Amino acid sequence: CLRRGWPSLAEELLTLSKAVDLRIWPHQHALRQFEQTLSAETIYKLEERQATVERLFDMSAQEIGSMLRLNTSIGQKVRGCLESLPHLTMEATVQPITRSVLRVTVALTPEFRWRDAVHGGLQRWLVWVEDPVNEHIYHNETFMLSKKLHGEGKQHLAFTIPIFEPVPPQQYNMPDVEQVMLLICGASAVQLLKLMKTVNCS
């Protein structure tokens, strides 16, 4: 699907592949991936109360324990698992090279706590640039993050993408999809409108 440039299908198949490997349905709670740390009761209560990862990130250990009607110690375990979910923040800058080629530079910052037992020696993300209107991937590559690189903080990728006539949408999407764990993905928007005006006037 990546070779054919089909973003939606590629993401769906990757999610299905991870679900089979992990034996977890995509609709189940992301913290089921920490069953060695969290008890079955804790995971059940997280799902029963529909405590999404986004909601939990905004809560303290004490608030999590109270919501689950458990103690603060359990809340701290949940917080620890949340902080270990591998995710990145991305910032993309775009520069025209010619009328038909753009250079994209991406800054990727790891925003999680590395745990050898969870992350092993390497974490991998698929990063691609997609046109959301025409459902097409213009570029994709694998970003690999080691424990050493994680400790160094912000990392960078640089690549080029083609621009075709007619002028593309005002922005491309740039998802980053974690290749091992479920429900770990993000996205950044590559703004093209102002850039295309610059290119077309040159």
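This is a short tour of two helices, an aromatic cluster and one tyrosine in a predicted model.

**Stop 1: helix α1**

Select residues 7-22, which make up helix α1. Its 16 residues reach 22 Å from the first C-alpha to the last, close to the 22 Å expected at 1.5 Å a residue. Now colour Pro7, Ala10, Leu14, Lys18 and Ala19, the buried residues of α1. Where do they sit when you look down the axis of α1? They fall within an arc of 170°, so they line one face of the helix. Turn to the other side of α1 and pick out Glu12 and Val20, which are exposed. Before you leave, click on Arg23, just after α1: this residue takes a positive phi of about 60°.

**Stop 2: helix α5**

Next, select residues 72-84, helix α5. How far apart should the ends of this 13-residue helix be? At 1.5 Å a residue, α5 should span 18 Å, and its end C-alpha atoms are indeed 18 Å apart.

Add Asn71 to your selection and look at the N-terminal end of α5, which Asn71 caps. A side-chain oxygen of Asn71 lies 3.1 Å from the backbone nitrogen of Ser73.

Then highlight the buried residues of α5: Ile74, Gly75, Val78, Arg79, Gly80, Cys81, Leu82 and Ser84. What do they pack against? Show α2 (40-48), α3 (53-57), α4 (61-67) and α6 (116-119), and you have the partners on screen.

**Stop 3: the aromatic rings**

Hide the helices and show Phe112, Trp114, Trp125 and Phe143 as sticks; together they form one aromatic cluster. The whole structure has three aromatic pairs. Zoom in on one of them, Phe112 with Trp125: the pair is tilted, with 6.2 Å from centre to centre and 45° between the planes. Trace the chain from each ring and you'll find Phe112 in the loop between β2 (101-110) and α6, and Trp125 in strand β3 (residues 122-131). The pair therefore ties together parts that are 13 residues apart in sequence.

Are these two rings buried or exposed? Phe112 has 7% relative accessibility, so it counts as buried. Trp125 is buried too, with a relative accessible area of 0%.

**Stop 4: Tyr138**

Finally, select Tyr138 in strand β4 (residues 136-146). Draw a distance from its C-alpha to that of Trp128: the two residues are 10 apart along the chain, and these atoms are separated by 7.4 Å. Which residues does Tyr138 touch, not counting those up to four places away in sequence? Show Val129, Asp131, Pro162, Phe164 and Tyr172 to see them.

Technical notes: Residues numbered from 1 in each chain as written. Predicted model: local features only at pLDDT ≥ 70, side-chain atom pairs only at ≥ 80, totals over all residues. Heavy atoms only, no water. Helix = DSSP H or I, 4+ residues; strand = E, 2+ residues; numbered from the N terminus. Expected span 1.5 Å × (residues − 1). Buried < 20%, exposed > 50% of the residue type's maximum accessible area, 1.4 Å probe, protein only. Contact = heavy atoms within 4.5 Å. Polar contact = N/O pair within 3.5 Å; in protein donor to acceptor, adjacent residues only side chain to side chain. Arc of directions from axis to C-beta. Phe/Tyr/Trp six-rings, centres within 6.5 Å; stacked < 30°, edge-to-face > 60°.
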